[in-house]
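Colleague: I'd like to learn how to read a model like this one, feature by feature. Could you walk me through it?

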Amino acid sequence: MSAEQLGFDGMPRRLYACTPSRLNTWLDCPRRYRMTYLDRPAPPKGPPWAHNSLGASVHNALAGWWRLPLPERTPAAAGTLLARGWLTDGFRDAEQSAQQRDRAREMVERYASGLDPAAEPLGVERTVATRTDRIAVSGRIDRLDARGDELAVVDYKTGRRPLTSDDARGSLALALYAVAASRVLRRPCRTVELHHLPTGEVAAWEHSDASLDRQLRRAESIAAEAEAADTAYRNRVPKPRSGDAPIDHAPHDELFPPRPGSLCAWCDFARHCPEGRAAAPAKEPWAAVS
C-alpha cells in the first residue's frame, strides 16, 4: 500500500515558509543551501569570519543607539556602544581586532553624527512578514523609517565594496521587506536604502508597485525550485533511527549541484565541497578586513 498521503480537491496549498536569506542561499549555491537548511546533522562549519564579527558589532551598536534616551543619542555614545559590544571572533590576533574596532568605532560615530536623534524610527531590528498564495516570507529589517506618509527600509552595510542604486534596486530582501512592512503597517513602502558605513554613501531606490510585484513573483519562483529540491531530498534520504550511523549525504549531491564562484572562498562549508575548493581556495577568517 502506498505511503503517499492523499490530497483532497479544494484543499488549500501549504505555503512555503522562507526568509530572504534562505532564498538567496538557494540562488548562490544549492549545495550550500542543502548543508545549511536540510542536512541533519549539519556539516560542521569552518571558523567564524572576522567580517561577520565587525558587521554584527556595528549593527548592534546602531540598534542600541536608537534605544538610548533621546538626550544620550550622541555620536560618542554610538562609539561607546560599539567598543563595549565588540565581537572578537575570527580576527588574526588581538592587534588586528583592536585596529578594526577603532575603524568601526570611527564609522559608527561618523554615521551617527549625520542622524537626527529625534527622528524616531518606526522599527529597529523589526521582524516583518507577509504571504502570497504560494509563500510565507519573514525577515528582520535593520531600520524602518517614516518619510512623510510613507515608509522606507534601511539596511546597514559594512563591506568594503562601494554600493550603487542598482544594488538597492536588485535586492530581493529589501523588496520583500518593503512589501511586508507596507502590509503590516498599512502604509506605502517603496523606498529601499543601503547605508554603506565605510564611505557614508546611501544607495537608494524607489520601487513602483509593478517592480515590487515582480520581486514577489521572483521570490515565488525561487521558492518553488527550493521546495521541489527539499521534497526530493526528503524522499530520498532515510530518517535516522536511534543508534544509526550518520547518513552519508554525498550520493544525493546531484540534487544540489554547487555553483562555484567568488563566494566559495567565504563559504562556511568550503571544506565539504571539492568543487568549491577548486574554484576558490578558502580565505583566512580575517582576510576580508585586512
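Modeller: Sure, let's go through a helix, a cavity, some salt bridges and some aromatic pairs. First the ground rules: this is a predicted model, so to speak of local features we need pLDDT of at least 70, side-chain atom pairs count only at pLDDT 80 or more, and totals for chains, interfaces and linings use all residues. Residues are numbered from 1 along each chain as its sequence is written, and side-chain values use heavy atoms, with hydrogens and water left out.

Colleague: Let's take a helix. What span does α7 reach from its first C-alpha to its last?

Modeller: Helices here are DSSP runs of H or I with at least four residues, strands are runs of E with at least two, and both are numbered from the N terminus. The expected span of a helix is 1.5 Å times one less than its number of residues. Helix α7 covers residues 172-185, and its 14 residues reach 20 Å, close to the 20 Å expected.

Colleague: And is α7 mostly covered or mostly open?

Modeller: A residue is called buried under 20% relative accessible area, exposed over 50%, and partly exposed in between, using a 1.4 Å probe and protein chains only. In α7, ten of the 14 residues are buried. Among them are Leu172, Leu174, Leu176, Tyr177 and Val179. Just after α7, arginine 186 takes a positive phi of about 55 degrees.

Colleague: How do I look for empty space, and how many cavities of 30 Å³ or more does the search find?

Modeller: Rolling a probe the size of a water molecule over the atoms shows where empty space is left. On a 1 Å grid over the protein atoms alone, a cavity is a set of points where a 1.4 Å probe fits but cannot get out, and its lining residues have an atom within 4 Å of a point. Grid points are joined across faces, edges and corners, and the volume is the space filled by probe spheres set on the points. Searching the whole structure gives one cavity of 30 Å³ or more, and the largest cavity has a volume of about 40 Å³.

Colleague: Which residues line the largest cavity?

Modeller: Its lining is made of Arg13, Tyr16, Arg134, Ile135, Glu220, Ala223, Ala224 and Glu227. Helix α8 (residues 209-236) supplies the largest share, four residues. For the chemistry, Ala, Val, Leu, Ile, Met, Phe, Trp, Tyr, Cys and Pro count as nonpolar, Asp, Glu, Lys and Arg as charged, and the others, Gly among them, as polar. That splits the lining into four nonpolar, no polar and four charged.

Colleague: On to charges. How many salt bridges does the structure hold?

Modeller: Side chains of opposite charge can pair when their charged atoms come close. The rule is a side-chain nitrogen of Lys or Arg within 4 Å of a carboxyl oxygen of Asp or Glu. The structure holds 19 salt bridges. In one of them, glutamate 106 meets arginine 110, with the closest N and O atoms 2.6 Å apart. Both sit in helix α5 (residues 94-113), four residues apart, about one turn of the helix. Glutamate 106 is partly exposed at 40%, and arginine 110 is partly exposed at 32%.

Colleague: Where do arginine 169 and aspartate 166 lie?

Modeller: They are in helix α6 (residues 165-170), three residues apart, about one helical turn. Their salt bridge has its closest N and O atoms 3.6 Å apart. Arginine 169 is partly exposed at 38%, and aspartate 166 is partly exposed at 46%.

Colleague: Are aspartate 145 and arginine 143 buried or exposed?

Modeller: Aspartate 145 is buried at 9%, and arginine 143 is buried at 5%. Their side chains meet in a salt bridge of 2.9 Å, N to O. A network of salt bridges links Arg143, Asp145, Arg147 and Glu193.

Colleague: Last one: how many aromatic pairs are there?

Modeller: A pair of aromatic rings is described by the distance of the centres and the angle of the planes. Rings of Phe, Tyr and Trp (its six-membered ring) pair if their centres lie within 6.5 Å; planes under 30 degrees apart are stacked, over 60 edge-to-face, and the rest tilted. That rule gives eight aromatic pairs. Tryptophan 26 and phenylalanine 256 have ring centres 6.2 Å apart and planes at 85 degrees, so the pair is edge-to-face. This pair links distant parts of the chain, 230 residues apart: tryptophan 26 is in helix α1 (residues 20-28) and phenylalanine 256 in the loop between α8 and α9 (274-279). Tryptophan 26 is buried at 7%, and phenylalanine 256 is buried at 0%. Ring pairs also link Trp26, Tyr33, Tyr37, Tyr233 and Phe256 into a cluster.

Technical notes:
On a 1 Å grid over the protein atoms alone, a cavity is a set of points where a 1.4 Å probe fits but cannot get out, and a pocket is an open set with protein on both sides within 12 Å along at least five of seven lines; lining residues have an atom within 4 Å of a point.
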